Amino acid sequence: MKTPVIKTENLTKTYGGINRVDGLNLKIPEGKIYGFLGANGAGKTTTMKMLLGLTPPSGGRIEIFGTPFEENRIEILKKTGSIIENPSYYGHLTGKENLKLLEKILDVSEEESEKVLKLVGLYEERDKKVKNYSLGMKQRLAIAMALLRDPKLLILDEPTNGLDPEGIREIRELLKSLARKRNITVMISSHQLSEIEKIADIIGILKDGKLIFEGTLKELERYKKLKTTLETDDGLLGLEVLSDYHPKLLDDKLVFENLKKEEIPPLIKKLVNAGIGIYELSHEQLNLEDLYFEIIGERDEPK
Amino acid sequence: MQTVKRLGFCKCLEVEFLKLKNSPLWWAVLLLPLLSIFIGSGSYYLNNEALSGGAWYGLWTQVALFYGYFFYPLLMGIAAACLWRIEHNQNNWNLLGTLPVDARDIWFSKLTVLFFVAIISQVFMVALYVFSGFVILRFRAPLPATTLWYLFAGPVCVMAVASVQLYLSLKIKSFTAPIGICFIGCFVGLFCYLNGFWLFPDTLAIIGINATHESLPTFSEIIKVVSGTFFWVVLTSVLGIRDLHRRES
Amino acid sequence: MNLSKAFNLELYKLKHKYFFLSWLLLTVAPLAYLLYNLRTFSFSPHIHYASVELVYFYEQSEIVWLLALILPVMASLLISKLIDLENKNENWRLLITANEDFKTLWSVKFLTVFFLMELTTLLFYLTAVFRLHQILGAPIPVGKLLLSFIGLSGANVMTLTIAQGLAVFYRNQAVVLIEGLFASFIALISPLMPRWFCYLLPWGYYALNILATNESLGRGSDGIMNWKIIELYPNYVLIFGVALLFIAANVALMRALSKREI
């Protein structure tokens, strides 16, 4: 098995006695897009900061590119581009000048800057001062700055934040092509479940600092439940009659989990035989959003 | 169209004070007079034979000279910068524009806070001065009338500097630049003072603190100084409010 | 990254920022004041100089007053500008993840402001000394003046170390500016204070480098106070010793702050 690009063992970060990141065992393989999902405060940003050495971990180990992070920091960071929380920039300088600054630090040529500006679609606005950029443009600049060192790994904290749908699609396509064509590993965090769904090969779900799921979308779908809702005129009787199917009674409706399609006709027969009237039957598959909330153990309130 | 009920001056004032709630500014307001008096009294005690004039006047020269020339105006400069800091930093201008507040109320509430800072500082200063004179240095002479002048003229005259600084901090996004200008202004003010040009804001502040004349200023001098301060406050208020209006629209 | 490259980078960051103009204005205003005071010089019958050297030394003591006022405020203002560049928008993150060393950044910013402070001190010294030389024609006591200049440099190190520490530690730049206000105040009144006071606080070390002071001779028959100028001998061993301690403290502070979370 190929060594994962990012591997953490029991990664922990404690603030004021509470483990904001609790025993994380991440495995991010090369050339894949890893979607880091979690609510606000779940520990996504803290984890990413530890992976970049911006915050020292309270416990555990980090290995990036197969080597321990602490000892090979400089080499690792040379190949890693990142955005953490809000984009960083010098507002009084132009987009081009901001990149020029990075050029000087990273020892990179001017052509690279131009390439990267064109890649994110900021080439036309490169001579405008960044303080006058819109939020979306600032975000693009941050992505450009992350890409400038031709990285093998990208750690991006909500990179599509503030972009319009067009922009989100562009960045999504860009990240996908970088991963496929240049074998760059991308770790992105997001709240946008739909985004993660469209872009990630592997998903990691963080809740209260713990990694409660890590796997492909297909593996996640195994959690996908079928939900069958049956509205009858006598819910309590129905509960008794159909007890073999383990229904729950919610709002006077019978809810069944993972009922196969074939099981439905005999079920209806049973109800009819017991004299129970059926108003409505619906049979649906949970989408990723419902699934996500199921996994993190919260019910989504109907709006 | 329904006119939105404006929040009003008092509400603005409340907000401005809230902004300064945990500011390090209050340390300066507290400690600067304390230090001035402590050190000035010590200096008076050690050097009093070399000082001319009455005891109270001598003490005031030691206590208030540097304070009045530089540190009191600088304190106001920093306070003014603090008041606009939140608007500049968080790009609060859009927010400010959508709230039902009048530009006039915004400006005058900030100016009032500055006046409050000036008064507190000076009252504290004068109180410690009196305490030092009577209790620590055990002066026998009665408190001269000039003490009242210090109490009132100090804060009033320094408002010339304060209002100019408030305007500068509004126009200039940088926090430190207006303070740098204030500092240079202190020197220019001193220069003007020595050459009789009394209208410069810092010069008015120097006259207000009155650390070089033993007697009370004459009536005409008082009129001069108060009108000078009034001039700066009005000028900067007009410019400031106009600027705020433009930002709102 | 080596220092020269880091300086180059720092200068690039200051583009469109009028940083050096600020320094220039902060120096020129008081310098103009000094020149104005020195436009004429005459010997007052009430002030007695034992030697012509003492005229230079007494003038030096006057400029130390001015420098004591300006330099701490200048230190706070300028270092605040440099540090705030990085405090804004979490630019520290941008730099650290690009492998720019915090220690290099700290050193470069320190040295830039220190250099400017030294330049101001030098300009004051040169202006006063050469103007006096022009008027008096007397030989310049270079040795003692140079020593006092180095002593003042030590005070500059102390002032700037404290200012930079505060600017990095506290996001709110009002803190370092208020500290500058206090520092300047203490530096300014230190010459009036007893020696132990000056030794106690770092900003008092400006006063410790004064080369002459006046001593009252009592009032003359015309009722005006007479003064005698006497030479002062700064304890350079102590001054340099403490300055060296502060250099060590600076390095320690740099190391400690480099470990903070960004």
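# Reading a three-chain model: a tutorial

Mentor: Of the two pairs of chains in contact, it is chains B and C that share the most contacts. Keep in mind that this is a predicted model.

Trainee: Then let's begin there. How many residues does each side bring to the contact between chain C and chain B?

Mentor: Chain C places 35 residues in contact with 35 residues of chain B.

Trainee: And what about area? How do I read that?

Mentor: The general idea: interface size is often quoted as the accessible area lost when the parts come together. Here, chain C and chain B bury about 3,100 Å² between them, and carbon and sulfur atoms give 84% of that.

Trainee: Which residues of chain C lose the most area to chain B?

Mentor: Look at Leu181(C), Phe182(C) and Phe185(C); together they account for 21% of what the chain C side buries.

Trainee: Where does that leave chain A and chain B, and how far apart are their closest C-alpha atoms?

Mentor: No contact joins chain A and chain B, and their closest C-alpha atoms lie 11 Å apart.

Trainee: On to cores. How many residues are in the largest nonpolar core, and which have the most contacts inside it?

Mentor: That core has 246 residues, and Met187(A) and Phe71(B) have the most contacts inside it. Helix α3 of chain C, residues 53-87, supplies the largest share of this core, with 22 residues.

Trainee: What does Phe71(B) touch, leaving out residues up to four places away in sequence?

Mentor: Within chain B, Phe71(B) touches Leu32(B) and Phe66(B). Across in chain C, Phe71(B) touches Leu69(C), Leu181(C), Ser184(C), Phe185(C) and Leu188(C). You've met two of those already: Leu181(C) and Phe185(C) are among the residues of chain C that lose the most area to chain B.

Trainee: Which residues does the second, separate core include?

Mentor: The second core has 10 residues, including Leu230(A), Leu259(A), Ile264(A) and Leu267(A).

Trainee: Now chain B itself. How many helices and how many strands are there in chain B?

Mentor: Nine helices and zero strands. Reading along the sequence of chain B gives α-α-α-α-α-α-α-α-α. Chain B has 249 residues, of which 53% count as buried. Take its contacts with a separation of 6 or more: residues 24 or more positions apart account for 81% of them.

Trainee: Could you show me a single residue? Say, is Gln122(B) buried or exposed?

Mentor: Gln122(B) counts as buried because its relative accessible area is 0%, and the cut-off for buried is under 20%. Gln122(B) lies in helix α5 of chain B, residues 103-136. Setting aside neighbours within four places in sequence, Gln122(B) is in contact with Trp60(B), Tyr67(B), Tyr72(B), Tyr150(B), Leu151(B), Gly154(B), Pro155(B) and Ile209(B). For a sense of distance, Gln122(B) and Ala28(B) are 94 residues apart along the chain, with 12 Å between their C-alpha atoms.

Trainee: Pro155(B) is in that list. Where is Pro155(B) found?

Mentor: Pro155(B) is in helix α6 of chain B, residues 146-171. With a relative accessible area of 4%, Pro155(B) is buried. Its contacts, again without neighbours within four places in sequence, are Tyr72(B), Phe115(B), Ala118(B), Ile119(B), Gln122(B) and Tyr150(B). Pro155(B) also sits 11 Å from Leu204(B), C-alpha to C-alpha, with their positions 49 residues apart in sequence.

Trainee: What about backbone angles? What should I look for?

Mentor: Most residues other than glycine have a negative phi. Now check His16(C): not a glycine, yet its phi is positive, about 60 degrees. Tyr18(C) is another non-glycine with a positive phi, about 55 degrees.

Trainee: Where is the place of His16(C)?

Mentor: His16(C) is in the loop between α1 (3-13) and α2 (19-37) of chain C, and Tyr18(C) is in the loop between α1 and α2 of chain C. His16(C) is partly exposed, at 38% relative accessible area, while Tyr18(C) is exposed, at 61%.

Trainee: Last topic: cavities. How many cavities of 30 Å³ or more does a search of the whole structure find?

Mentor: Five. The largest cavity holds about 150 Å³ of space. Its lining has 14 residues, and the closest to its centre are Ser82(A), Ile83(A), Ile84(A), Ser88(A) and Leu94(C).

Trainee: Which element gives the most to the lining of the largest cavity?

Mentor: That's α5(A), with three residues. At least two lining residues each come from β7 (80-83) and α5 (135-147) of chain A and α4 (91-96) of chain C. By class, the lining has eight nonpolar, four polar and two charged residues.

Terms used
Residues numbered from 1 in each chain as written. Chains lettered and ligands numbered in written order. Predicted model: local features only at pLDDT ≥ 70, side-chain atom pairs only at ≥ 80, totals over all residues. Heavy atoms only, no water. 1 Å grid on protein atoms, 1.4 Å probe; cavity = no way out; pocket = protein on both sides within 12 Å on 5 of 7 lines; lining within 4 Å. Points joined across faces, edges and corners; volume = space filled by probe spheres on them. Helix = DSSP H or I, 4+ residues; strand = E, 2+ residues; numbered from the N terminus. Nonpolar A, V, L, I, M, F, W, Y, C, P; charged D, E, K, R; others polar. Core = buried A, V, L, I, M, F, W, Y, C linked by side-chain atoms within 4.5 Å. Buried < 20%, exposed > 50% of the residue type's maximum accessible area, 1.4 Å probe, protein only. Contact = heavy atoms within 4.5 Å. Buried area = accessible area lost by both parts, 1.4 Å probe.
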